[in-house]
Amino acid sequence: MSQSYNRGLIEDFGRWREFSAGMWAWIFHKFTGWVLVGYLFTHIAVLSTALSGAAPYTTTIQALESLLIVRILEVGLLAVAVFHILNGLRLLFVDLGVGLEAQDKSFYASLMLTGVIVIASVPTFLSGVSI
Amino acid sequence: MYTHDVIVVGAGGAGLRAAIAAHEEGADVAIVSKLHPVRSHTGAAEGGINAALREADSWEDHAYDTMKGSDYLGDAPAVETLCKDSPKETIQLEHWGMAFSREEDGRVSQRPFGGLSFPRTTYAGAETGHQLLHTMYEQLVKRGIKVYDEWHVTNLVVSDEERPEDRSCHGIVAYDVQSGTVEGFQARNGVILATGGLGQVYDHTTNAVANTGDGVAMAYRAGAPIEDMEFIQFHPTTLPSTGVLISEGVRGEGGILYNKEGERFMFEYGYANNAGELASRDVVSRAEQTEVDDGRGIEDEYVHLDMRHLGEERILDRLENIIHLSEDFEGVNPLEAPMPVKPGQHYAMGGVETDEHGETCISDLYAVGECACASVHGGNRLGGNALPELIVFGRRAGEHAAGKDLGEPKITTGKVGDFELAEVETPVELGEAGIGEDVVADGGAAADSGTAAASDEAMQRAVESEREMIDSLLEKNEGVQHAEVRERVQKSMTRNVNVFREESRLKQALKDIREARVLYQDVYVGDKSRTFNTDLLQTLETRNILDLAEAITVGALAREEFRGAHWRKNYQERRDEEWLKHTMLSWNDGKPELWYKPVILEGENKTYEPKIRSY
Amino acid sequence: MAERYTSFKPGGRRWLWQRLTAAFLVIVLAFHFFLLHFVYHADEVTFALSQARMEQLTYFSLMILFLVTATFHGVNGVYNALVNQGLSGTRKRAVQAILGFASIVLIVQGVRTALAWAGGVPI
Amino acid sequence: MSTQVPKQTEEEESSAEVVPAGQQKREAKKRERAARIQEEREAEAEEKARSKDDTYHLKVFRYDPEVEGKQEPRFDEFYVPYKQGMTVLDALMWARDHYDSSLTFRHSCRQAICGSDALFVNGSQRLGCKTQLSDLSEPVRIEPLPHAEVVKDLVVDMEHFYDQMEAVEPFFQTNSLPEGELDEQRQSRENREKVKMSTRCIWCSACMSSCNIAAGDNEYLGPAAINKAYRFAMDEREGEDMKQRRLEILEQEHGVWRCQTQFSCTEVCPKDIPLTEHIQEIKREAIKNNLKFW
Ligand SMILES: Cc1cc2nc3c(=O)[nH]c(=O)nc-3n(C[C@H](O)[C@H](O)[C@H](O)COP(=O)(O)OP(=O)(O)OC[C@H]3O[C@@H](n4cnc5c(N)ncnc54)[C@H](O)[C@@H]3O)c2cc1C
Ligand code: HEM
Ligand code: SF4
Ligand code: F3S
Ligand code: FES
């Protein structure tokens, strides 16, 4: 072959509109997984303030928790976590060979359920925040 | 230039089997194929492989059925070889892991098929050919046999003695589709042609686009005689837009054929008052064609095959795959509407004349599979007899080419013994138009055989002339394109040399072919690229289509009788006294030469006396 | 040609552990979220409350286990994702080192914090 | 409507070689006639396409490393008259035979068995011959398979796919063949049923092209090759020891563990092979197999 044309990865992801359920599930799962590790690290970092004693810890946490933005981020985290859990369960079933024909439906179900749970818990998450 | 002991052209069932056999005999073998092996049309075969495997069955019965099916135009030594070897070869496939359908006890399944006295058609679902092709390709991979895929073979390199029987084959010339280079492939021991069918001679066929009969045409032009070309099998129920086959199962379950007026024509017009839709393939095909010709076809093209009355449940249960075929390829849901069907070219019984080792009269040149004529199918091929032909004769040719002693063949090749020269009156000149002045060089004749040096030189020259030919095709900037030429021939063949053959129409076809040949003198290739130039390849193929269309028509015009698949309007019966012989054509200085040779009816233990072919 | 003969050890174990930790995490993470956001509300979090929980051995060990599994699951997940995108050779080894190091830091820091709360290993 | 690059033809005309004088006159005449036929033909085609309001609008990817004007990939537009039952492949053939003979694509069987015409049609991998135009929205966008290098127009380089297919020892192996050349190996109906779907693969590479993992990791065996190995690993005729060996091959670094169950392979497979299911089954077999040694 004299020459050939490689369209490269950029173009591939230019096709995102054409991705199917399984691909979206994969992308969302990836994304949420990364956010969760990221959070895990920050979470431990914040909690580490406890090492310098009870007072600094309580103030840090309460200062953070009183911020609306933190609460909103927490709702986001919940969404991310819930989706990752639900889709994770979906994947576990897929690994066991259960319900493969309904894989797209179970993905949509995970999305929907995530939405419902997140909306339902907004009041709890936002309660007591001082604006 | 590449050099191997044995070169196999084509990688369908026949080519693969030949390569494996030659390899097992210790030869250095390579396959050259215009398609990657798994793309070969053997994959399309559905029905099965006939083999007498069971205690209650015998190869003798299989041979009897085959002779009868051939309408006594098969040669007994070839037929008997086929039937004797088929069981062993079929089990060989099983040992290679082929996924045959199975019985309760774990043995391979067999089913009944038209024209067989015992259910001996061994099958793998409705995809026997696919399984066979892939199983054999796997064995090729296992053995590491070299495949030059997407190399289009354009010519044979054959020495140029006067008589074809004295010639020998040195190798081939091929065009690399990806890069556009022309190379020679020298064969120390032999070249095996396994290029498959020639369905593209017609515009409506169950064959693949790649089935352009290249091997037959190349061998023909190199001097090997071609045999019984007029015998073409047509299948009555193929989808009009693609030629996809709708199996006989639909009619077997009770599907009904209707014409435009909604009449059940098989009965209403008395084509088959007893059997109706279940009459034999050729009867149904001719009935459909008559309806269309008489203006009772839908869109002047096809008839309807209706199975809705069978009820959804029964259809889903037994004919589910038909629903998919009709929806995918014709866009018709057969649960809601009748399926359009029409007769389509299906199989070529004729081909390059060979003996039962697959060798042609040119030494070191072999032909196997659908491109060859040994002859096992004679006037008509039985369903399930082509696949065993591939593996039985593929193996034999491979072994013989690699040097194994298979004994003296009983079938003779070339103009020897009792042959009979003949003439047929044609309305136009036959053969090459404008010989000697055209860009398209003749059949690769080259220096005499003998020494290795002479062979090298012959190869060189053949490659050179092929390069020039291709360069000149690419350099030309105006003229006609192959699609135009091809379409003309295909249309005329379908109109005139179809299931019905009458003198005036056959002559018309010859005139059309002549015109197309003249037109082809002006052919040019629009695509100037060297990379994957399918335009160029199709232009080369079109030349083969021209030569073969002519051969089929000449044979059909000469044979004044009704035998097997060959129907002549004014000769409505088989005429054994005169026509129990093979139609042969030799390419003689650019012109077809007609001759006949006797059929061999003497088998190993008995002689097959011609009987009336009725079932 | 796909490389068939490498020194690579079949990836099956890490794959299996990813699933096993996932199954475990479903329970613990749900518990964790529920406890810290629904039972105790976010604005009520204090050092003392955490301390009270941490002083129980079961809770303490559950949290340590939680930390370890989550770290494995998360870091292994990230590693897989990178490898799937064709990471190999030195870069792969570098990533292994970095991720391994980060995991250790995370776990050590987490354990130290837990110990600070519990005031030593609770017995 | 024809999309041949006009500039290029002109250039070639001027650079055409000089033909001997004697031949010239005759050729000129022939050429004239041929040109006329060609023109009539194209005019007729256009006429036909226009007169029917039922035409399909195709946008086809074009690229040719050698032809000026095509070196930069582009899309060409074709209008093809629609006929009941017309497939994407039929439309491409029509466009090639009536507008632009250099339009290049692989095809052969026209019945979904040779696997040569997997294309990217309106955003998903399909066989041209098995896709009805009437199921598609216009314009019908036809591109070569993603993730593969384009050789020309719609033709991609398949070598890598073949390599992957052949890397899994894709051939039957057993240590216990029956003695006699006429003795079959026995296989239960259930077992044949189990491997049946996996044997249907036609090597079209649609699955491989659709898999994001295969796109990211070129060494990944890919769904088709894993399915091929599954076909043998699950065939009871091969025996346990062979199965071990097959699992080892599949467990290689770029083997079965790479699959992230995206399901797109299963969705695009024209032969309806449950690829993800087979891949997952192999993963579980591998785990079971490994656990045995713990
Ligand atoms: C739809 C259908 C159903 C059928 N069903 C049955 C059945 O049930 N039972 C049965 O027994 N038979 C059946 N047949 C017939 C049988 O399948 C064929 O006769 C047989 O497969 C032909 O095999 P082959 O190896 O000769 O050729 P093919 O499989 O056609 O292979 C030809 C090979 O030659 C190569 N080639 C061609 N030209 C060139 C060239 N110029 N240069 C290089 N390579 C070239 C091609 O690439 C290809 O690899 C069926 C046929 C069709 C069409
Ligand atoms: C709570 C229940 C959880 C479940 C059921 C779950 C499930 C899964 C599964 C099955 C995978 C594997 C996907 C694959 O390889 O195809 C995965 C990947 C991953 N998980 Fe989780 N997980 C959970 C919690 C977490 C947590 C708490 C974190 C963060 C620390 C996390 C981070 C990740 C990451 C980073 C990946 C890799 C994503 C990728 O492929 O890029 N997960 N998860
Ligand atoms: S598995 Fe399906 S999609 Fe993949 S190559 Fe085989 S037939 Fe094509
Ligand atoms: S699309 Fe790819 S990720 Fe797995 S399920 Fe299919 S191989
Ligand atoms: S042309 Fe053979 S699969 Fe489409």
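The following legends describe close-up views of a predicted model.

**View 1. The iron atom of ligand 2 is held by two histidines of the protein.** His84(A) and His73(C) each act as a protein donor through NE2, and these donors lie 2.0 Å from the iron atom. The site of this iron atom has six donor atoms and is octahedral, with angles of 82 to 179° among the donors. Ideal angles for six octahedral donors are 90 or 180 degrees.

**View 2. The histidine pair at ligand 2 crosses between chains A and C.** His84(A) belongs to helix H4 (residues 68–95) of chain A, while His73(C) belongs to helix H3 (residues 57–84) of chain C. Both His84(A) and His73(C) are buried.

**View 3. The surroundings of ligand 3 comprise 14 residues.** Those that come nearest to the ligand are Cys201(D), Cys204(D), Ser205(D), Cys207(D) and Cys269(D). By class, the shell around ligand 3 consists of twelve nonpolar residues, one polar residue and one charged residue. Cysteine is counted here as nonpolar.

**View 4. The largest cavity of the structure holds about 320 Å³ of space.** Twelve cavities of 30 Å³ or more are present in the structure. The lining of the largest cavity is formed by 20 residues; Lys34(B), Leu35(B), Thr534(B), Leu537(B) and His107(D) are the ones nearest its centre.

**View 5. Helix H15 of chain B gives the most to the lining of the largest cavity.** This helix spans residues 534–558 and supplies four residues to the lining. By class, the lining of the largest cavity contains eight nonpolar, seven polar and five charged residues.

Technical notes
Residues are numbered from 1 along each chain as its sequence is written. Chains are lettered from A and ligands numbered from 1 in the order in which they are written. This is a predicted model: local features need pLDDT of at least 70, side-chain atom pairs count only at pLDDT 80 or more; totals for chains, interfaces and linings use all residues. Side-chain values use heavy atoms; hydrogens and water are left out. A residue is near a molecule or strand if one of its heavy atoms lies within 4 Å of it. Donors are N, O and S atoms within 2.8 Å of the metal (3.2 Å for Na, K and Ca); water is not among the atoms, so sites may look incomplete. Four donors count as tetrahedral if all angles lie between 85 and 135 degrees; four count as square planar and six as octahedral if opposite donors are over 155 degrees apart and all others between 65 and 115; anything else is irregular. Helices (H or I, at least four residues) and strands (E, at least two) are DSSP runs, numbered from the N terminus. Buried means under 20% relative accessible area, exposed over 50%, partly exposed in between (1.4 Å probe, protein chains only). On a 1 Å grid over the protein atoms alone, a cavity is a set of points where a 1.4 Å probe fits but cannot get out, and a pocket is an open set with protein on both sides within 12 Å along at least five of seven lines; lining residues have an atom within 4 Å of a point. Grid points are joined across faces, edges and corners, and a volume is the space filled by probe spheres set on the points.
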